[in-house]
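Please look through the structure shown here, part by part. The paragraphs below go from a pocket to helix packing and then to two single residues.

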Amino acid sequence: MSDHAPDPATEVFVAHRNLLFTVAYEMLGSAADAEDVLQEAWLRWAAVDPEQVRDPRAYLVRITTRQALNRLRTLARRKEAYVGPWLPEPLLTAPDVARDVELAESVSMAVMLVLETLSPNERVVFVLREVFDVGYEEIAAAIDKSPAAVRQIAHRARRHVDARRPREVVSAGEGRAVVESFRRALDGGGLQGLLDVLAPEVVLVSDGGGIRQAAVRPVRGADKVARFMAGGIGKNRLPLTVGLTAVNGSPALVVHLAGELDGVMAVRVEGSRIVGLYYVRNPEKLSRVTSETPLTLR
């Protein structure tokens with residue numbers, strides 16, 4: 001290992017890396033693509049003289065945004081050919097993320113899926129403005145639009161997200177208690193145990209990516225979801241363990257079959273009931289969850 005201190009460009013980039021990763025991830029819904037964007041941003045940053053950059057944070061956010069916007073358009077074409085429902089790549093997150101309510105909500109599976117319904121420009125503007133409070137002029141420079149156009153895009157995106165975002169945000173402790181009850185029901189509480197924690201309007205979305213078995217369309221309603229879950233577990237002959245973890249800023253479940261990671265189930269809680277289950281089984285999206293070090297976003 002070298003004893004030399006990092007050069008100024010590296011120090012600045014490392015200081016802002018968590019922010020840049022979170023920006024890219026919220027725009028793309030993919031940690032792997034976010035890492036690729038950061039690599040591209042680093043190459044561009046390394047080619048400039050940091051001493052000539054008045055605001056390094058703004059400059060880095062701008063080049064990251066441009067790379068993410070290019071990747072977002074490519075990702076849209078990839079999703080069109082995706083087998084079955086597409087869910088964002090789950091991120092194992094540190095407990096302190098949940099204390100930042102705004103950030104925790106913005107990276108939640110529920111909100112990330114709402115962001116999927118925005119156009120690329122709307123998504124970029126919403127993430128930069130609403131989550132990271134970037135100024136309109138700065139966003140305009142990043143996406144080559146006028147500040148007036150950015151304001152219009154921001155208004156349209158905010159209205160769209162507000163109409164679809166979760167109605168109620170529960171505390172981390174409340175959410176964890178509900179998810180723990182659900183875990184116990186999966187562990188042997190039977191059909192009634194599942195029904196006790198599922199809201200009547202609950203929706204289950206599963207993502208196998210054509211690699212693992214998953215429902216080809218969302219399962220709706222407490223009875224159907226409970227029977228789907230109980231049936232899947234009942235048919236399984238391998239030893240199953242369900243553990244509590246934190247994914248995308250919220251309590252979630254990690255499922256192992258015969259000691260091997262089978263999937264991660266993000267849970268959306270409103271009141272004291274579960275209204276959304278997002279089960280990611282696609283192994284290509286689970287590499288981050290196997291990490292022993294949860295991410296500290298932003």
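In this predicted model, the second largest pocket has a volume of about 440 Å³. Its lining is made up of 26 residues. Those that lie nearest the centre of the pocket are Ser108, Val169, Val170, Gly249 and Ser250.

Which elements each supply at least two residues of this lining? They are the helices α6 (101-106), α7 (109-115) and α11, together with the strands β4 (250-257) and β5 (260-270). Strand β5 gives the largest share, four residues. By residue type, the lining of the second largest pocket divides into 17 nonpolar, six polar and three charged residues. As for how such spaces are found, rolling a probe the size of a water molecule over the atoms shows where empty space is left.

The next topic is helix packing. Two packed helices are described by the angle between their axes and the distance between the axes. Helix α8 (residues 120-131) packs with helix α2 (residues 17-28) at an angle of about 135°, and the two axes are 9 Å apart. An angle between 115 and 145 degrees counts as oblique, so α2 and α8 are oblique to each other. The crossing of this pair, α2 and α8, is right-handed.

Helix α8 also meets helix α4 (residues 56-80): their axes cross at roughly 140° and come within 10 Å. How are α4 and α8 oriented to each other? Angles over 145 degrees would count as roughly antiparallel, and the crossing angle here is roughly 140°; α4 and α8 are therefore oblique to each other. The crossing in which α4 passes α8 is right-handed.

Two single residues remain, each placed in a helix. Asp196 belongs to helix α11, which covers residues 172-197. Helix α11 also supplies at least two residues of the pocket lining described above. Is Asp196 buried, partly exposed or exposed? Its relative accessible area is 43%, and values between 20% and 50% count as partly exposed, so Asp196 is partly exposed. Asp196 and Ala68 are 128 residues apart in sequence, and their C-alpha atoms are 42 Å apart in space.

Ala163 is found in helix α10, residues 147-164. The relative accessibility of Ala163 is 62%; exposed means over 50%, so Ala163 counts as exposed. Along the chain, Ala163 and Val114 are 49 residues apart, while 9.6 Å separates their C-alpha atoms.

Key: Residues numbered from 1 in each chain as written. Predicted model: local features only at pLDDT ≥ 70, side-chain atom pairs only at ≥ 80, totals over all residues. Heavy atoms only, no water. Buried < 20%, exposed > 50% of the residue type's maximum accessible area, 1.4 Å probe, protein only. 1 Å grid on protein atoms, 1.4 Å probe; cavity = no way out; pocket = protein on both sides within 12 Å on 5 of 7 lines; lining within 4 Å. Points joined across faces, edges and corners; volume = space filled by probe spheres on them. Nonpolar A, V, L, I, M, F, W, Y, C, P; charged D, E, K, R; others polar. Axes fitted to C-alpha atoms, helices over the stretch in contact; angles between N-to-C directions. Parallel < 35°, antiparallel > 145°, perpendicular 65-115°, else oblique. Left-handed = near helix turned anticlockwise from the far one by under 90°.
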